[in-house]
Amino acid sequence: MNTTIHELINMKARKIEVEIELGISDVDIRHLSSKQIKRIDQDLEHHYDPRVMLEMIETTIRTDEQIIANRH
């Protein structure tokens with residue numbers, strides 16, 4: 001269960017990064033860690049499609065939330 005919780009936390013942080021790439025986040029980029037900024041830069045360098053990434057992240061978040069809900 002701890003693994004699922006940690007994955008959920010990581011996915012929610014990753015979602016913010018991708019939303020920033022798409023320009024749909026209210027989070028100020030100055031509030032990100034250097035690690036988060038580096039991941040955004042890497043995404044741009046590799047030409048990853050942020051819309052596809054966001055869909056995959058949201059699917060993972062829903063799955064993890066369902067796993068956690070079923071265990072309680």
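## A three-helix protein in a predicted model

The crossing of helices α1 and α3 is left-handed. The contact of α1 with α3 is made up, by class, of 12 nonpolar, 11 charged and two polar residues. The structure described here is a predicted model.

### Overall layout

The protein contains three helices and zero strands, and along the sequence these elements follow the pattern α-α-α. The C-alpha trace spans about 40 × 25 × 20 Å along its principal axes. There are 72 residues, of which 28% count as buried. Among contacts between residues at least 6 apart in sequence, 67% join residues that are at least 24 apart.

### Helix α1

Helix α1 covers residues 2-22, which makes 21 residues. From its first C-alpha to its last, α1 reaches 30 Å, close to the 30 Å expected at 1.5 Å a residue. The buried residues in α1 are T4, L8, R14, E17, V18, E19, I20 and E21. What covers them includes α2, residues 34-45, and α3, residues 50-71. Just after α1 comes G23, which takes a positive phi of about 80°.

### How the helices pack

Two packed helices are described by the angle between their axes and the distance between the axes. The table gives both values for the two pairs that involve α1.

| Helix pair | Axes come within | Crossing angle |
|---|---|---|
| α1 and α3 | 9 Å | roughly 155° |
| α1 and α2 | 10 Å | roughly 50° |

How are α1 and α3 oriented to each other? Their axes cross at roughly 155°, and angles over 145 degrees count as roughly antiparallel. The two helices α1 and α3 are therefore roughly antiparallel to each other.

The pair α1 and α2 is described in the same terms. With axes that cross at roughly 50°, α1 and α2 are therefore oblique to each other. The crossing of α1 and α2 is right-handed. On the α1 side, A13, R14, E17, I20 and E21 take part in the contact, and they meet Q36, R39, I40 and D43 of α2. By class, the residues of this contact divide into five charged, three nonpolar and one polar.

### Residues within the helices

Is D43 buried or exposed? D43 lies in helix α2. Its relative accessibility is 3%, so D43 counts as buried. Leaving aside residues up to four places away in sequence, D43 touches R14, E21, Y48 and M53. Of these, R14 and E21 also appear among the α1 residues that meet α2, and R14 and E21 are both buried in α1.

E19 belongs to helix α1. Its relative accessible area is 17%, and E19 is buried because the cut-off for a buried residue is under 20%. Which residues does E19 touch, not counting those up to four places away in sequence? E19 touches I24, S25 and L54.

E65 is in helix α3. At 34% relative accessibility, E65 counts as partly exposed. Not counting residues up to four places away in sequence, E65 touches L8 and K12. L8 is one of the buried residues of α1. How far apart are the C-alpha atoms of E65 and I40? They are separated by 25 Å, and E65 and I40 are 25 residues apart along the chain.

### Residues in the loops

The loop between α1 and α2 holds D26. D26 is exposed, with a relative accessible area of 81%. From D26 to I16 there are 10 residues along the sequence and 9.1 Å in space, C-alpha to C-alpha.

H47 is placed in the loop between α2 and α3. Its phi is near 60°, which is a positive value in a residue other than glycine. With a relative accessible area of 70%, H47 is exposed.

### Summary

The picture is of three helices in the pattern α-α-α. Helix α1 is roughly antiparallel to α3 and oblique to α2. The crossing with α3 is left-handed, whereas the crossing with α2 is right-handed. D43 in α2 is buried, as is E19 in α1. E65 in α3 is partly exposed. In the loops, D26 is exposed, and H47 is exposed.

Note on methods. Residues are numbered from 1 along each chain as its sequence is written. This is a predicted model: local features need pLDDT of at least 70, side-chain atom pairs count only at pLDDT 80 or more; totals for chains, interfaces and linings use all residues. Side-chain values use heavy atoms; hydrogens and water are left out. Helices (H or I, at least four residues) and strands (E, at least two) are DSSP runs, numbered from the N terminus. The expected span of a helix is 1.5 Å times one less than its number of residues. Buried means under 20% relative accessible area, exposed over 50%, partly exposed in between (1.4 Å probe, protein chains only). Contact means heavy atoms within 4.5 Å. Axes are lines fitted to C-alpha atoms, for helices over the stretch in contact, and angles run from 0 to 180 degrees between N-to-C directions. Angles under 35 degrees count as roughly parallel, over 145 as roughly antiparallel, 65 to 115 as roughly perpendicular and the rest as oblique. A crossing is left-handed if the near helix is turned anticlockwise from the far one by less than a right angle, and right-handed if clockwise. Ala, Val, Leu, Ile, Met, Phe, Trp, Tyr, Cys and Pro count as nonpolar, Asp, Glu, Lys and Arg as charged, and the others, Gly among them, as polar.
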